[in-house]
Amino acid sequence: MTTYSTTLSVNGIPYSLAFDASRNLLSVIRNEVGLTGTKEGCDDCECGACMVLLDGHPVNSCSYLAAQATGKEITTVEGLSSGDELHPIQRQLLDAGGVQCGFCTPGMIMSTDALLRRTPEPTDEDIRIGLSGNLCRCTGYAKIMEAVKATAVELSGS
Ligand code: FES
Ligand code: FES
């Protein structure tokens, strides 16, 4: 085992950490940083439940070495909202009924945030592509699409 010591910036807060160099980012976020909103599903880069943003880009944290995140800004679902207020993506998902078991939801939220920053007025095809790395077993996706479109309208103020 090779211990790696570093400082990771998560949601704007620096964490001084020491962990095995082979650990993935998901496990360090959940177990060392203590933020459990990011979920572990397949642990094999298939489901998107573990999606976080690295410098604004969505990444499957189960398949990314934590050590490689040094020097990057890591954003988890806990970092999107301010205080007790829900982020518009979170509220629109709830309003549309796009959350059932909720296991996929943090990953969906992170991918949606990245999508709407890149493409503020996405087409249905843009949304499908933007969320193509996120699997949901419960909702059939229609209500999630509805929520993403409503969020885009809300954020663009149109
Ligand atoms: S847990 Fe990372 S993609 Fe499924
Ligand atoms: S709401 Fe259950 S997996 Fe998406």
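Reader: Which helices do the buried residues of H5 pack against?
Author: Helices here are DSSP runs of H or I with at least four residues, strands are E runs of at least two, and both are numbered from the N terminus. Packing goes by contact, meaning that two C-beta atoms, placed from the backbone, lie within 7 Å. By that test, the partners of the buried H5 residues are helix H2 (88-96), helix H3 (105-118) and helix H4 (124-130).

Reader: Before we go on, what pLDDT do local features need?
Author: Residues count from 1 along each chain as its sequence is written, while chains are lettered from A and ligands numbered from 1 in the order in which they are written. This is a predicted model, where totals for chains, interfaces and linings use all residues, side-chain atom pairs count only at pLDDT 80 or more, and local features need pLDDT of at least 70.

Reader: Back to H5: how wide an arc do its buried residues cover?
Author: "Buried" takes 20 or more other C-beta atoms within 10 Å of a residue's own, "exposed" 12 or fewer, and "partly exposed" falls in between, with C-beta atoms placed from the backbone. In H5 the buried ones are Ile144, Ala147, Val148, Thr151 and Ala152. They sit on the same side of H5, because the arc around the axis (taken from the directions from the helix axis to the C-beta atoms) is only 140°.

Reader: And which residue follows H5?
Author: H5 itself runs over residues 142-156. Next comes a residue with a positive phi, near 70°, and that's Gly157.

Reader: Is Arg91 buried or partly exposed?
Author: Arg91 belongs to helix H2, and its C-alpha is 8.7 Å from that of Thr151, 60 residues away in sequence. Its count is 16 C-beta neighbours inside 10 Å, so the label is partly exposed.

Reader: What is Met110 in contact with, outside its neighbours within four places in sequence?
Author: Met110 sits in helix H3 and counts as buried because it has 27 C-beta neighbours inside 10 Å. Leaving those sequence neighbours aside, its contacts are Met51, Val52, Leu53, Pro58 and Val77.

Reader: Over to the strands: how many bridges join S1 to S2?
Author: Strands pair if DSSP finds at least two bridges between them. S1 (residues 3-10) and S2 (residues 13-20) form a hairpin with 2 residues between them, and Tyr4 has Phe19 as its bridge partner. The two strands run antiparallel, and the bridge count is 8.

Reader: Which residue in S5 stands opposite Val10?
Author: S1 pairs with S5 (residues 73-75) in the parallel sense, over 2 bridges. Opposite Val10 you'll find Ile74.

Key:
The expected span of a helix is 1.5 Å times one less than its number of residues.
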